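Subject: Structure for you to look at

Hello,

Here is the structure I said I would pass on. Please open it and keep it in view while you read the rest of this message.

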Amino acid sequence: MFLGTYNHSIDSKGRLIVPAKFRAELGKEFFVTRGLNGCLNVYPMEAWKEVTAKLKTIPMTDVNGRKFMKFLIAGASGGEIDSQGRISLAPNQKEYANISKDVAIVGNIDYFEIWDKEKWEEFDGENVDMVTEDPSMFANLGI
């Protein structure tokens, strides 16, 4: 399970060290794709298979569903962890997420996200404010 937030930097070759706690969960093969809110999503192979299985069920007539599928699939690339625990991000992925150097790696249960660090701090601050100001809006979650 991917939990927590870790700060790292991308090297000049576009490689990023995956936190040690995430490496075993990620496995040797994974997929990186565009995420919502301007971040990147990193899925272990099994989680990616689940995502793509759901995408295959989108009817051809569901225009918005097909657009979302293209958003995920067109921005996706497979990858492997190197011997030093690093993954490589494609230039178009770094550009999409506005990533240049410092990143936040954010656990999201069955996958993790890679954010530009400043963008993450802004998003997280707004998110914390929203949740703590009116927690009743989440009552239907049953948590």
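Below is what was found in it, starting with the sheet, then the helices, then two loop residues.

Please keep in mind that this is a predicted model.

The sheet

Strands in a sheet are held together in pairs by hydrogen bonds of the backbone, and a pair can be parallel or antiparallel. Here there is an open sheet of six strands with antiparallel pairing, and its order is β1-β7-β8-β4-β3-β5. The edges are formed by β1 (5–9) and β5 (77–80). Each of these two has a single partner strand, so one side of each has no neighbour in the sheet. On average, neighbouring strands of this sheet are turned by 30 degrees against each other, with direction ignored.

One pair to look at is β7 (residues 102–107) with β8 (residues 112–116), which are joined in the antiparallel sense over five bridges. To find your place in this pair, look for Val106, which stands opposite Glu113 in β8.

The helices

Helix α2 (residues 45–56) lies across two strands, β3 (29–34) and β4 (40–44). Relative to β4, helix α2 runs at about 110 degrees.

For two packed helices, the description consists of the angle between the axes and the distance between them. How far apart are the axes of α2 and α3, and at what angle do these helices pack? The axes of α2 and helix α3 (residues 63–74) are 11 Å apart, and the angle is about 150 degrees. Angles over 145 degrees count as roughly antiparallel, so α2 is roughly antiparallel to α3. Their crossing is left-handed.

Which residues meet where α2 and α3 are in contact? From α2 there are Trp48, Val51, Thr52 and Leu55, and from α3 there are Phe68, Met69, Leu72 and Ile73. The residues of this contact comprise seven nonpolar, one polar and no charged.

Two loop residues

Phi is negative in most residues other than glycine. Asn37 has a positive value, with phi near 65 degrees. Asn37 sits in the loop between β3 and β4. Is Asn37 buried or exposed? Its relative accessibility is 48%, so Asn37 counts as partly exposed.

Ile109 also has a positive phi, near 65 degrees, and is a residue other than glycine. Its place is the loop between β7 and β8, the two strands paired over five bridges. Ile109 has a relative accessible area of 54%, so this residue is exposed.

Regards

Note on methods
Residues are numbered from 1 along each chain as its sequence is written. This is a predicted model: local features need pLDDT of at least 70, side-chain atom pairs count only at pLDDT 80 or more; totals for chains, interfaces and linings use all residues. Side-chain values use heavy atoms; hydrogens and water are left out. Two strands pair if DSSP finds at least two bridges between them. Helices (H or I, at least four residues) and strands (E, at least two) are DSSP runs, numbered from the N terminus. Axes are lines fitted to C-alpha atoms, for helices over the stretch in contact, and angles run from 0 to 180 degrees between N-to-C directions. Contact means heavy atoms within 4.5 Å. Angles under 35 degrees count as roughly parallel, over 145 as roughly antiparallel, 65 to 115 as roughly perpendicular and the rest as oblique. A crossing is left-handed if the near helix is turned anticlockwise from the far one by less than a right angle, and right-handed if clockwise. Ala, Val, Leu, Ile, Met, Phe, Trp, Tyr, Cys and Pro count as nonpolar, Asp, Glu, Lys and Arg as charged, and the others, Gly among them, as polar. Buried means under 20% relative accessible area, exposed over 50%, partly exposed in between (1.4 Å probe, protein chains only).
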